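Open the model in your viewer and set it to cartoon. This tour tells you what to select at each stop.

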Amino acid sequence: MYEKIFEPSKIGSLEIKNRIIVTPISTVMANEDGSPSEKYIRYVEEKAKGGWGLIVSEYYVVQPKAGLFTRCFNISSEELIEKHSEITKRVHAAGGKISAQINHGGRQIHKEIFGKELIAPSSVRDFGIRELPRELTIEEIHDLIEAYGNTALNLMKAGFDAVEIYGCHGFLVSQFLSRASNKRTDEYGGSLQGRCRFVVEIIRNIREKVGKEFPVTIRISTEEFVPGGLTLEENKAIAVILENAGVDAISCSKGVYVTGENIAPPNMLEHAGYVNNAAEIKKVVNIPVIFAGRVNDPAIAESILRSGKADFVGMARASLADPQLLNKVKEGRLDDIQYCIGCNQGCIGSVFNGVHLRCLVNPFTGREDEIEVKPAEAQKKIIVVGGGIAGCEAALMAAKRGHDVALYESESKLGGQWNLAGMPPGKTELLSLLTWQKRKLDKYGVKVVLNTHMTIDMIQAEKPDEVIIATGVIPFTPSINGIHQPHVVSANDVLSGKEFFGKHVVVIGGGLVAAETAEFIATYNSKVTMIELADEILKGMDHHNRNVLMRNLKHQEVEIHTSSSVTEIQSDAVLYEYKGKQYKALEVNTVVVAIGSRPLNELESSLKAAGISTKVIGDASRVRNGLHAVYEGFMAGITV
């Protein structure tokens with residue numbers, strides 16, 4: 001079934017064993033001097049062992065501090081060339097091939113990182129950063145072109161198999177290409193040919209330095225989704241110009257920083273949503289075309305290749321979830337794959353919070369240099385109380401190491417809150433984590449007991465060596481007059497199907513659960529109003545995911561009131577206060593409370609008093625997201 005995936009091909013002179021590429025993704029794993037950390041080397045080494053056709057590194061800056069993050073790769077000296085050659089040696093020894101992306105952020109970086117005035121083709125603010133940049137002089141443009149060429153040469157010296165020009169996502173090259181950012185009236189602006197001049201001269205400079213045989217590719221945003229930004233038709237013309245300039249392949253992405261949901265589409269968006277853009281680019285060029293954008297399943301990759309819409313498929317986030325994915329596909333072990341769930345919590349979310357890249361479903365990712373799972377020195381009897389994703393992860397990892405593990409869950413099925421997380425529109429893919437965990441629980445022989453509320457006496461009767469408490473949370477009920485009326489329900493009960501709702505619904509709360517519940521209810525043609533105390537909803541949420549959810553709420557015509565507090569719930573109305581004034585939401589059939597949860601931990605003190613070794617993990621310890629829950633379960637399982 002997967003013949004096309006494993007069909008060898010070439011990019012320029014580079015032979016690639018299959019057609020699946022790990023496209024670039026930022027990791028924040030560089031050292032202070034721009035050299036690679038052992039963490040990063042181990043990270044890419046694992047992918048090389050996993051059978052991927054080509055790995056493309058995160059970007060190398062062509063000038064110091066010219067990236068979006070505080071730590072970016074730099075290869076501007078002989079010493080750094082030697083340090084970066086360790087990446088290529090290890091990847092090649094593991095059977096892989098690796099290309100390196102090169103970049104300058106231009107106006108789309110933070111001034112405090114760059115350390116001086118931002119630069120750009122024109123003195124026009126970025127839609128997201130909003131710092132006014134200084135227009136580049138002709139001399140500075142020529143210096144930058146040289147810097148791109150020198151960086152490519154140094155990467156070749158370090159043993160990389162190819163280089164990729166970062167020509168998309170709103171960074172410097174795409175700033176020259178786009179009418180939204182390039183307002184120049186000299187030879188580097190104006191017409192399409194003028195706006196392409198910068199990148200064409202970069203390609204030629206690189207070619208002069210590395211020769212004709214060293215592959216040079218470019219990644220472009222086939223659409224930018226900002227006013228006056230690049231469109232698909234423009235990019236088709238640009239693609240022809242790029243091919244004529246000498247690139248060996250074009251990698252197709254989309255979006256810029258402020259429309260980042262298109263760069264790393266979350267699970268609320270469709271799979272391979274912009275693959276037809278790549279197909280249109282492929283119609284006008286004779287060089288290979290790479291497509292990437294929410295492809296997490298080998299069947300989807302195979303379909304894209306069979307349809308001829310692209311020559312290669314990028315699966316960056318899928319490689320985080322399971323570095324061994326390609327090997328598993330080749331060996332027919334599809335049920336053993338850990339699938340990316342498109343949550344963006346560990347990859348995009350961590351990096352934009354200044355933490356190195358991680359993965360919710362795979363706690364090894366980004367910690368390859370830290371974690372080693374060893375067989376237990378002595379078998380212990382372990383009881384895990386609570387069958388959410390934290391408890392399941394703890395149980396399966398403890399059993400994998402050789403312990404005798406029993407998992408007790410009070411409900412009729414495993415998963416806990418994660419079952420509810422998979423209910424809102426577009427979130428079903430989250431449940432694949434549970435499918436994988438259940439399979440591993442069975443594989444490692446974990447005794448799973450459902451519909452059982454464990455007490456201290458029941459646990460003592462089992463005489464365990466250690467107990468892991470993963471009992472999760474219970475919804476928080478605010479002190480509001482009228483909160484206990486029959487038409488007031490929790491978001492959990494709505495999502496689980498225990499409670500239905502009327503045609504006019506008020507959701508109290510503005511966090512993720514509240515917003516997703518509001519969207520869920522609105523899909524049933526109910527009129528939904530959200531009332532949130534803070535000055536905005538979804539505060540602190542990564543903008544990739546937030547943009548999509550806000551767009552969905554707007555599409556569903558959900559009415560949102562912020563800086564507002566509910567003062568009373570009546571039988572057919574909700575009273576709320578805004579800036580000292582009282583307002584009333586009329587025609588309310590159902591009120592949904594979604595203002596957060598609190599830990600449920602009834603056993604810890606009794607267990608410790610009885611002298612039983614105890615760990616508390618996940619939301620039972622402190623309410624957070626799935627990334628923390630799985631990691632804590634994982635660590636509990638490998639350290640018990």
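In which sense do strand 23 and strand 24 pair, and over how many bridges? Keep in mind that this is a predicted model. Select residues 574–578 for strand 23 and residues 581–585 for strand 24. The two pair in the antiparallel sense, over 5 bridges. Now show Leu-575 and find its bridge partner in strand 24, Lys-584. Strand 23 and strand 24 form a hairpin, with 2 residues between them. Click on Lys-579 in the turn: its phi is positive, at about 50 degrees.

Next stop, the barrel. Select strands 3, 4, 5, 8, 9, 10, 11 and 12. These 8 strands make a closed barrel in the order 3-4-5-8-9-10-11-12, with parallel pairing. Neighbouring strands of this sheet are turned by 30 degrees against each other on average, direction ignored.

Zoom in on one pair in the barrel. Strand 11 covers residues 289–292, and strand 12 covers residues 312–314. They pair in the parallel sense over 3 bridges. Pick Phe-291 and look across to strand 12, where Val-313 is its bridge partner.

Last, colour the cysteines. How many disulfides does the structure hold? The count is 0. Why does Cys-196 not bond to its closest cysteine? The closest cysteine sulfur, in Cys-168, is 14 Å from the sulfur of Cys-196, too far for a bond. Cys-196 is also buried, at 1% relative accessibility. Move to Cys-392. The closest cysteine sulfur to its own is in Cys-343, 17 Å away, so that gap too is too far for a bond. Cys-392 is buried, with a relative accessible area of 1%.

Conventions
Residues are numbered from 1 along each chain as its sequence is written. This is a predicted model: local features need pLDDT of at least 70, side-chain atom pairs count only at pLDDT 80 or more; totals for chains, interfaces and linings use all residues. Side-chain values use heavy atoms; hydrogens and water are left out. Two strands pair if DSSP finds at least two bridges between them. Helices (H or I, at least four residues) and strands (E, at least two) are DSSP runs, numbered from the N terminus. Axes are lines fitted to C-alpha atoms, for helices over the stretch in contact, and angles run from 0 to 180 degrees between N-to-C directions. A disulfide is a pair of cysteine sulfur atoms within 2.5 Å. Buried means under 20% relative accessible area, exposed over 50%, partly exposed in between (1.4 Å probe, protein chains only).
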